[in-house]
Amino acid sequence: MDHQALLEQIARDVEPLLGTGTPAEYIPALAAVDPGRFGMAIAGLDGTVHGVGDWKRAFSTQSVTKVFALALALSLGGDSLWEHVGREPSGNPFNSLVQLEYENGVPRNPFINAGALVVTDRLQTLTGDASSELLEFLRQESGNPELSFDPEVAESESAHGDRNAALAHFMASYGHIANPVPALLDHYFWQCSIEMNCADLARAALFLARHGLRADGSRLLTRSEAKQINAVMLTCGTYDAAGEFAYRVGLPGKSGVGGGIVAVVPGRCTLGVWSPGLDRQGNSVAGVAALDRFTTLTGLSVF
Ligand code: DON
């Protein structure tokens with residue numbers, strides 16, 4: 001398969017969508033990004049990457065980091081994580097509070113904000129410095145030692161973080177949070193502010209396409225754990241649009257409100273895509289369309 005020609009075809013196909021949708025407005029530092037940008041990269045199992053458009057331009061990864069935080073927490077701490085967070089789609093917006101009270105403070109899944117806070121709390125307990133450990137992990141997996149936080153975004157998140165603070169305090173009241181809430185929130189906001197480009201993202205996710213193996217052949221996750229993360233990405237990775245994403249794309253994927261999406265074709269390759277214009281659920285309009293074109297043109301979906 002000629003990956004470069006494929007990406008160029010996809011970029012032409014989604015061009016009419018560029019500039020549609022709106023960048024995330026609730027975090028001022030994200031609202032300023034040009035919604036007309038688009039980049040996409042494919043990484044093969046051997047780490048070879050092809051890209052198109054703005055594929056080397058760094059963007060705010062936001063909730064895409066939730067999948068890497070989950071992988072790191074599972075690899076360091078194992079299955080007991082699932083005692084504190086579920087694996088069901090929420091059907092509610094990513095920052096919703098309502099389900100938590102009905103369900104005794106246990107979040108539906110690790111990819112909504114409440115669930116991600118539980119994962120970050122666990123990472124904090126396991127490592128003592130959750131956000132720095134996650135950044136280091138992403139540097140290693142992407143092969144890019146220059147990955148970094150964006151302090152402006154982290155501060156902006158913190159200044160507009162009342163909803164996340166409410167979620168964390170509410171879960172703490174049920175005894176589901178082990179660390180002090182203010183410190184947990186800081187790690188969560190810094191985690192969301194990590195910047196990566198499409199190539200970094202695709203490369204960093206390759207362990208999920210390699211059934212748990214890293215680039216050097218060492219094992220990060222068991223084959224079952226890699227399958228489990230891919231399954232939760234498919235069912236919960238794109239908020240309350242996960243059903244539509246599975247219908248259109250048919251791949252495990254995780255999005256962020258910076259406009260990035262990472263997707264996995266188990267046993268074959270990974271994809272990183274970025275375009276900041278979001279739909280009403282917070283997923284990149286052109287990003288989802290590009291992945292939709294990818295599976296349509298190649299037949300490479302999990303179905
Ligand atoms: O928690 C927030 O509001 C953002 N920093 C991350 C949001 C995002 O990408 C979607 N969340 N699941």
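How far apart should the ends of helix 5 be at 1.5 Å a residue, and how far apart are its end C-alpha atoms? The first legend takes this up, and each view comes from a predicted model.

**View 1. Helix 5 spans residues 113–127.** With 15 residues at 1.5 Å a residue, helix 5 should span 21 Å, and its end C-alpha atoms are 20 Å apart, which agrees. Here 12 of the 15 residues are buried, so you are looking at a mostly covered helix. The buried residues are N113, A114, G115, A116, L117, V118, V119, T120, D121, R122, L123 and Q124. They pack against helix 3, helix 4 (98–102), helix 6 (130–142), helix 8 (162–173) and helix 9 (181–192). After helix 5 comes G128, with a positive phi near 80 degrees.

**View 2. Helix 14 covers residues 285–298.** The same check works here: 14 residues at 1.5 Å each should span 20 Å, and the end C-alpha atoms of helix 14 are indeed 20 Å apart. Because 10 of its 14 residues are buried, helix 14 is largely enclosed by the rest of the structure. Those buried residues are V285, A286, G287, V288, A289, A290, L291, D292, R293 and F294. Their packing partners include helix 1 (3–14) and helix 13 (242–248), along with strand 1 (39–44), strand 6 (253–255), strand 7 (260–265) and strand 8 (269–274). G299 follows helix 14, and its phi is positive, near 75 degrees.

**View 3. L291 belongs to the largest nonpolar core.** This core has 98 residues, and M40, A202 and L291 touch the most other members. Helix 3 (residues 65–77) gives the core its largest share, 8 residues. Zoom in on L291, set aside its neighbours within four places in sequence, and you will find V249, L251, G253, I261, A263, L271 and V273 in contact with it.

**View 4. Strand 1 and strand 2 make a hairpin.** The two strands run antiparallel and are joined by 5 bridges. One pair to pick out is M40 and its bridge partner V52 in strand 2. There are 4 residues between the strands of the hairpin, and G47 takes a positive phi near 95 degrees. Strand 2 (residues 49–53) is mostly covered, with 5 of its 5 residues buried.

**View 5. G53 lies in strand 2.** Why does G53 count as buried? There are 24 other C-beta atoms within 10 Å of its own, and burial takes 20 or more, so G53 qualifies. Not counting residues up to four places away in sequence, G53 touches A11, F38, G39 and M40. For a longer ruler, take Y239, 186 residues apart from G53 along the chain: their C-alpha atoms are separated by 26 Å.

**View 6. An open sheet holds 3 strands in the order 3-5-4.** The pairing is antiparallel. Strand 3 (59–60) and strand 4 (148–149) are the edge strands, each pairing on one side only. Between strand 4 and strand 5 (residues 194–196) there are 2 bridges, and F149 has I194 of strand 5 as its bridge partner.

**View 7. A shell of residues surrounds the ligand.** Around the ligand sit Q62, S63, F94, N95, I112, N113, E157, N164, C192, G256, V257 and G282. By class, the shell divides into 4 nonpolar, 7 polar and 1 charged. N113 also appears in View 1, among the buried residues of helix 5.

Methods
Residues numbered from 1 in each chain as written. Predicted model: local features only at pLDDT ≥ 70, side-chain atom pairs only at ≥ 80, totals over all residues. Core = buried A, V, L, I, M, F, W, Y, C linked by C-beta atoms within 7 Å. Contact = placed C-beta atoms within 7 Å. Pairing = 2+ DSSP bridges. Expected span 1.5 Å × (residues − 1). Near = placed C-beta within 6 Å. Nonpolar A, V, L, I, M, F, W, Y, C, P; charged D, E, K, R; others polar.
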